[in-house]
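Biologist: I would like to learn how to read a structure like this one. Could we take one feature at a time?

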Amino acid sequence: VFQTWMSGAADLDGLPRIEAGAVDMGAYEYHGETSPSIPTHYVSPGGDNVAPYTNWTTAAWRIQDAIHAAGNGARVLVGRGRYVENINFRGKNIRVESLFADTGNEAYIAQTVIDGNHAGPAVTLTNHESAASLKGFTIINGNASGPVNTMLQRGGGILCYKASPLLSHLVVTGNFAQVVGGGMYFEEANA
């Protein structure tokens with residue numbers, strides 16, 4: 001039923017409520033970064049750790065487990081916590097993101113920690129990842145002191161070799177490399 005008061009009414013975007021004879025009901029679809037068409041794998045210390053980790057209840061305990069479950073184009077969404085592990089994208093063009101990506105709340109960057117436990121580079125991208133991204137983390141305790149004359153002596157926090165990921169909103173601190181790039185190392189990379 002057409003209401004005369006709607007004839008000049010505008011919605012929240014300032015657009016007319018009546019367009020081509022149809023009424024704009026004022027409902028908004030979410031057009032942010034997350035889309036139902038993007039498979040999402042969840043990580044949380046409080047999850048049940050049930051693959052393929054498709055919701056917060058069944059969330060993985062480790063980021064690497066969710067990366068293994070994800071296919072190209074998927075998203076790994078990581079809840080607050082300290083994840084003591086070394087992650088490797090393994091050639092997958094996926095998005096690994098903290099809750100900062102959805103909320104813009106910078107507190108999530110400090111509250112979502114990848115702790116390399118002094119056991120190699122905390123984050124590794126070395127397999128031609130061209131559309132991968134890492135967003136909204138603090139990265140600590142990476143230790144690139146692997147075998148002599150190997151890439152594993154470079155990039156304690158983030159090792160990026162022959163890859164072009166998008167790296168954003170990261171705090172990379174307290175990492176070590178035997179040769180070069182205690183925080184980050186890039187070679188043949190466009191990050």
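Biologist: Is Glu 85 buried or exposed?

Modeller: This is a predicted model, so every value here is computed from it. Burial is read from relative accessible area, and buried means under 20%. Glu 85 has a relative accessible area of 4%, so it counts as buried.

Biologist: With which residue does Glu 85 form a salt bridge?

Modeller: The partner is Arg 62, and the closest N and O atoms are 4.0 Å apart. Arg 62 is partly exposed, at 38% relative accessibility.

Biologist: Why does the pair of Glu 85 and Arg 62 tie together parts that are apart in sequence?

Modeller: Look at where each residue lies. Glu 85 is in the loop between strand 5 (81-84) and strand 6 (87-88), while Arg 62 is in the loop between strand 3 and helix 1, so the salt bridge ties together parts 23 residues apart in sequence.

Biologist: How many salt bridges does a search of the whole structure find?

Modeller: The search finds 6. One of them pairs Glu 97 with Arg 75, with the closest N and O atoms 2.5 Å apart. Glu 97 belongs to strand 7 (residues 95-98) and Arg 75 to strand 4, and the two residues are 22 apart along the chain. Both Glu 97 and Arg 75 are buried.

Biologist: Which other side chain meets Arg 75 in a salt bridge, and where is that residue?

Modeller: Asp 102 meets Arg 75 at 2.6 Å, N to O. Asp 102 sits in helix 2 (residues 100-103), 27 residues from Arg 75 in strand 4. The two ends have their own burial values: Asp 102 is partly exposed at 32%, and Arg 75 is buried at 1%. When salt bridges share partners, they can be read as one network, and here that network joins Arg 75, Arg 95, Glu 97 and Asp 102.

Biologist: Let us turn to nonpolar residues. What is the general idea?

Modeller: In soluble globular proteins, nonpolar side chains tend to be buried together. In this model the largest nonpolar core has 26 residues, and those with the most contacts inside it are Ile 63, Val 76, Phe 89, Val 96 and Val 123. At least two residues of this core come from each of helix 1 (63-69), strand 4 (75-78), strand 9 (123-125), strand 10 (133-140) and strand 12 (158-161). There is also a second, separate core of 7 residues, including Ala 59, Leu 99, Tyr 108 and Ile 109.

Biologist: What is Ile 63 in contact with, leaving aside its neighbours within four places in sequence?

Modeller: The contacts of Ile 63 are Val 43, Val 78, Tyr 83, Glu 85, Ile 87, Val 96, Ile 114 and Phe 137. Glu 85, the salt-bridge partner of Arg 62, is among the residues that Ile 63 contacts.

Biologist: Is Thr 124 in strand 9 buried or exposed?

Modeller: Thr 124 is buried, with a relative accessible area of 10%. Beyond four places in sequence, Thr 124 is in contact with Ile 87, Asn 88, Phe 89 and Leu 159.

Biologist: Where is Gly 157, and what does it touch?

Modeller: Gly 157 lies in the loop between strand 11 (143-144) and strand 12. At 0% relative accessibility, Gly 157 counts as buried. Not counting residues up to four places away, Gly 157 touches Pro 121, Ala 122, Val 123, Ile 139, Val 172, Asn 175, Gly 182 and Gly 183. The C-alpha atoms of Gly 157 and Gly 182 are 6.5 Å apart, although the residues are 25 apart along the chain.

Biologist: What can the backbone angles show?

Modeller: Omega describes the peptide bond. Ala 51 and Pro 52 are joined by a cis peptide bond, with omega about 5°, and Pro 52 is in the loop between strand 3 (40-43) and helix 1. Phi is another angle to check. His 118 is not a glycine, yet has a positive phi of about 55°; His 118 is in the loop between strand 8 (112-115) and strand 9. Lys 162 also has a positive phi, near 55°, and lies in the loop between strand 12 and strand 13 (166-172).

Biologist: How many helices and strands does the protein chain have?

Modeller: The chain has 3 helices and 15 strands. Of its 191 residues, 44% are buried.

Note on methods:
Residues are numbered from 1 along each chain as its sequence is written. This is a predicted model: local features need pLDDT of at least 70, side-chain atom pairs count only at pLDDT 80 or more; totals for chains, interfaces and linings use all residues. Side-chain values use heavy atoms; hydrogens and water are left out. A nonpolar core is a set of buried Ala, Val, Leu, Ile, Met, Phe, Trp, Tyr and Cys residues joined through side-chain atoms within 4.5 Å. Buried means under 20% relative accessible area, exposed over 50%, partly exposed in between (1.4 Å probe, protein chains only). Helices (H or I, at least four residues) and strands (E, at least two) are DSSP runs, numbered from the N terminus. Contact means heavy atoms within 4.5 Å. A salt bridge is a side-chain nitrogen of Lys or Arg within 4 Å of a carboxyl oxygen of Asp or Glu.
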